[in-house]
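Q: Could you take a close look with me at one helix pairing and the nonpolar packing that goes with this fold? I'd love one connected walk-through.

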Amino acid sequence: MINIQDVELNGATVTADEVARVAWEGAKVTVGDETWVRVAECRRMVEDLVASGKVVYGVTTGFGKFSDVHISPQDAEELQANLIRSHACAVGEPLPEPTVRALMMLRANALVKGYSGIRPETLQLLIDCLNHGVHPVVPSQGSLGASGDLAPLSHLALVLMGEGEAYYQGERLPADAALAKAGLTPITLQAKEGLALINGTQAMTSIGTLAYVKALRLAKAADMIAALTTEVLRGIPAAFDEDVHLVRPYPEQIGVAANLRALLAGSRLTTEPGEIRVQDAYSLRCLPQVHGATRQVLKYTGEKLDIEINAATDNPLLFTEQGKVISGGNFHGQPIAFAMDFLKIGVAELANIAERRTERLVNPALSALPAFLSHNPGIASGMMIPQYVAASLVSENKVLAHPASVDSIPSSANQEDHVSMGTTAARHADLVVANTAKVLAIELICAAEAAEFVGADGLAPATRKLYDQVRAVVPPVLTDRSTSADIERVAQELLLGRWQAEVERISGPLF
């Protein structure tokens, strides 16, 4: 019986949300009977090729620059084992467990398409490891993002062989011990299987997909936080009038403006033009234009990830119906490299404008609020230094947002002479998302502090809910204290998206 929470891998319709469920919620994966038939048919084609002695890259030849070296059938097992052992040389901190779960899921989803030639029992072991919680230790650095994510994926494949290391029930163990504790048995790789396991874009795509899902949550959070800031700064929501945005009809800009109108509905703190000022500064007035542009970036990124999640990205590919084996370049990560670099820029801009709103909250020259939101100015510094932290994170994001995809470096004796650096782009995108969550958390904490001075009772029902969510975990800063833990806690809540869901119960579904 299939659990309703299970995710079926079919190589065609898996979504980013399903990847997130497997990664973060521990959902299990399944494979349908028809899919297994497809996998088995492709495997038979590999075995026929080996028996015939036909020259096929990675099956009867070596790899990379060694593609001209013929390999006899009796050496096939040694060839595949050596491939994995030699390529498992990634370095750096291990990828987090959720990312490794996504990595395993996505590699399995590529293999079930039936173009890779893996044996059903090898694919089953990969799926069993995922479902039983045997998570390979995968170092985070060392992929060029072309010829696939060779080094990271080799650490995954190594565990299937009973080598390397894996986490099981929170313990880091030799792979054979982890498999044994889970009741699983390692396999001996046969012809083509090592290559099938490591020749793909799943490291960059797993990191990128989870970063993207978190970025979607932050985009909605940014609208909510900005609405609260607009209120406590006595902002002018006339700039969010639908007519303004219909004449510049970007759907995302129109959507953000609608969000702000819904979030501010019922506020007794917002003002009319001329009541306090004629118009607001750009960081308030241009919210739909800036946040909307980030939503455009997210849409582009999501489209590319939807394709990559369900793509066959190894080499060579076997087409059973046509009887063709083709060496191509689907392992090249350029589409995801560009998408991740674009994601970095879009999310960094959420932080940029949020930091500017934070500055308006704490700077008495820009608001009618006490300096640095201090309850005892001069004696107590209030929220002076959290703005410094936000500025530091924003500056770091600017460095991280430098595109990785504009770089390339030749490898494998110039056989692989152009690479994508897509995994670097994805890793940096994830860092930008994490930094941006903290910048937004700082703005939210400062906005809640400002509400103590202007009166939280005047907030709109939706933003009052957000204020209440913050106050449930961060009490008012009436006297100076360290706010590091507060910032981290609020950032984590924004990344989880639970507060946003609670606010939407009042505002209605937001764009």
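A: Happily; here is the helix contact, followed by the core and one further helix. This is a predicted model, in which local features need pLDDT of at least 70, side-chain atom pairs count only at pLDDT 80 or more, and totals for chains, interfaces and linings use all residues. Residues are numbered from 1 along each chain as its sequence is written, and side-chain values use heavy atoms, leaving out hydrogens and water.

Helix α2 (residues 33–52) packs against helix α5 (residues 120–132) at an angle of about 135°, and their axes are 9 Å apart. Helices here are DSSP runs (H or I, at least four residues), numbered from the N terminus. Axes are lines fitted to C-alpha atoms over the stretch in contact, with angles from 0 to 180 degrees between N-to-C directions. That makes α2 oblique to α5, since angles under 35 degrees count as roughly parallel, over 145 as roughly antiparallel, 65 to 115 as roughly perpendicular and the rest as oblique. On the α2 side, Trp36, Val39, Ala40 and Arg43 meet Pro120, Leu123, Gln124 and Ile127 of α5; contact means heavy atoms within 4.5 Å.

Leu123 turns up again in the largest nonpolar core, where, of 147 residues, Leu123, Val134 and Leu494 touch the most other members. Such a core is a set of buried Ala, Val, Leu, Ile, Met, Phe, Trp, Tyr and Cys residues joined through side-chain atoms within 4.5 Å, buried being under 20% relative accessible area (1.4 Å probe, protein chains only). Helix α9 (residues 202–232) gives this core its largest share, 18 residues.

Finally, glycine 455, with a positive phi near 105°, follows α16.

Technical notes. Helices (H or I, at least four residues) and strands (E, at least two) are DSSP runs, numbered from the N terminus. Buried means under 20% relative accessible area, exposed over 50%, partly exposed in between (1.4 Å probe, protein chains only).
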